[in-house]
Amino acid sequence: MPAGPGPADVHSALHSERGALRGEHPGRARNPVIKVSALGRLEFVKTDLDRAERFARDFGFAVHERRPDRLTLRGTWPGPACLVIHRGRNARFVGPTFVADSVGDVRRLARWAGANVLPYEDGEAVQVTDPSGLPVRVVAGLAPLAALPERDPLLLNTGAKPARINAAQRPPRSAAEVQRLGHVVLETTRFRQALDWYLQALGLIVSDFLYLDELRGRGPTMAFLRCDLGSVPVDHHTLAMHLGPRVGYVHSAYQVTDLDAVAAGGEHLAAQGYRRVWGVGRHIQGSQIFDYWRDPDRMMVEHYADGDLFDDSLEPGWAPMSAGGLAQWGPPVSRDFLGGRPGPGMVAALLKALGDKSNDIDKDTLHALAKAMAA
């Protein structure tokens, strides 16, 4: 595909040095079925709820409800409980729940998908399946919770405009206070189908695309998607997806109030014996200050602060995918963050993906992905 300048006026000094080439993916559906307004919650299955609760408290969640077979967690901000953990035999990610503006939107999506509408908390819900096979719930009427007390962001002395006089900074070295669920990241072997489905079915729009440098003509291989609330600014991404040989959960991210909460919360997790994956640093796409950890079931979770907020006026940015392009500053990206050393499970997933000619995985994409993650 010939190189050429994209719509530089949209991206200059904003979120990307590059825009789309002529004919590339527009990053939004022309007439979506509905437009979800938020990511409401995530659901998991864990074998040991006592252990899950200990980690949740150390990570900074508040426990909303504990039953013998279910743990419900929340942040400090008002809104629905953001995590539900069920007791089960094998630890796994169940799926995301998105919030619709109305019961009418839930019913409209159900008709489009040929699915049933069911009662859910204070409203109604429909469960649909994305092209990767992941169950996705969309609900109107998630039960709201009142705000919890939390510390204010620290007042910072910056440059020639000091704001804090005759007062010292002494943030506690304790568990971070999670404010809210921010986003979830998924891997899929059917990236193009899944991308178009989330744009069409849920009305998400793309903030940034990543592509494989030597295979740009095949289209993007990662997308950061946000909700479309018109002129109301929203998180840079509520959902991110990337092409890979496996299908499912990569990580989920939870907002804390500031950099000190990220750093002190990490010190607390390290003191409790948990394993840091990567951090502290600042991302490029989304700009978040990040810190990634493994929970006792080896599922990856992120503390973040100071993420970008976009309204619907920004078109997608485009950038090459590379390991070195994941952060503006911070330690080198870890092998653990990139998926760890190949083991029997990864080899089996690679062979399965290569054997399925209906997905987006072939030898060329695997070679280009490996090259990008080594760059």
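## Two pockets and a sheet

The second largest pocket of this predicted model has a volume of about 390 Å³. Its lining is made of 22 residues, and Ala38, Leu39, Gly40, Arg180 and Leu181 are the closest to the centre. If you want to find this pocket through the strands, look at E1 (38–46), E9 and E12 (234–235), each of which supplies at least two residues of the lining. Sorted by character, the residues that line the second largest pocket are 12 nonpolar, seven polar and three charged.

Now let us turn to the largest pocket, which has a volume of about 1,400 Å³. Its lining counts 48 residues, with Glu187, His242, Phe337, Leu338 and Gly339 nearest the centre. Several strands give two or more residues to this lining, namely E9 (180–188), E11 (222–226), E13 (239–243), E14 (248–255), E16 (289–294) and E17 (300–305), and so do the helices H6 (344–355) and H7 (363–374). Which element gives the most to the lining of the largest pocket? That is H7, with five residues.

Here are the two pockets side by side.

| Pocket | Volume | Lining residues | Nonpolar / polar / charged |
|---|---|---|---|
| Largest | about 1,400 Å³ | 48 residues | 27 nonpolar, 12 polar, nine charged |
| Second largest | about 390 Å³ | 22 residues | 12 nonpolar, seven polar, three charged |

Next comes a sheet. Eight strands form an open sheet with mixed pairing, in the order E2-E3-E4-E1-E5-E8-E7-E6. Why do E2 (62–67) and E6 (117–120) each have one side without a neighbour in the sheet? Both stand at the edges and have a single partner strand, so one side of each is left free of a neighbour. On average, neighbouring strands of this sheet are turned by 25° against each other, direction ignored.

In general, the strands of a sheet pair through backbone hydrogen bonds, and the pairing can be parallel or antiparallel. Within this sheet, E5 (residues 92–99) and E8 (residues 135–140) pair in the parallel sense, over three bridges. You can pick out one bridge here by finding Val99, whose partner in E8 is Val139.

Helices lie against this part of the structure too. Helix H3 (residues 103–113) lies across E6, E7 (123–129) and E8, and runs at about 30° to E7. Helix H4 (residues 191–202) also packs on the sheet, where it touches E5, E7 and E8. The direction of H4 makes about 15° with that of E8.

Conventions: Residues numbered from 1 in each chain as written. Predicted model: local features only at pLDDT ≥ 70, side-chain atom pairs only at ≥ 80, totals over all residues. Heavy atoms only, no water. 1 Å grid on protein atoms, 1.4 Å probe; cavity = no way out; pocket = protein on both sides within 12 Å on 5 of 7 lines; lining within 4 Å. Points joined across faces, edges and corners; volume = space filled by probe spheres on them. Helix = DSSP H or I, 4+ residues; strand = E, 2+ residues; numbered from the N terminus. Nonpolar A, V, L, I, M, F, W, Y, C, P; charged D, E, K, R; others polar. Pairing = 2+ DSSP bridges. Axes fitted to C-alpha atoms, helices over the stretch in contact; angles between N-to-C directions. Contact = heavy atoms within 4.5 Å.
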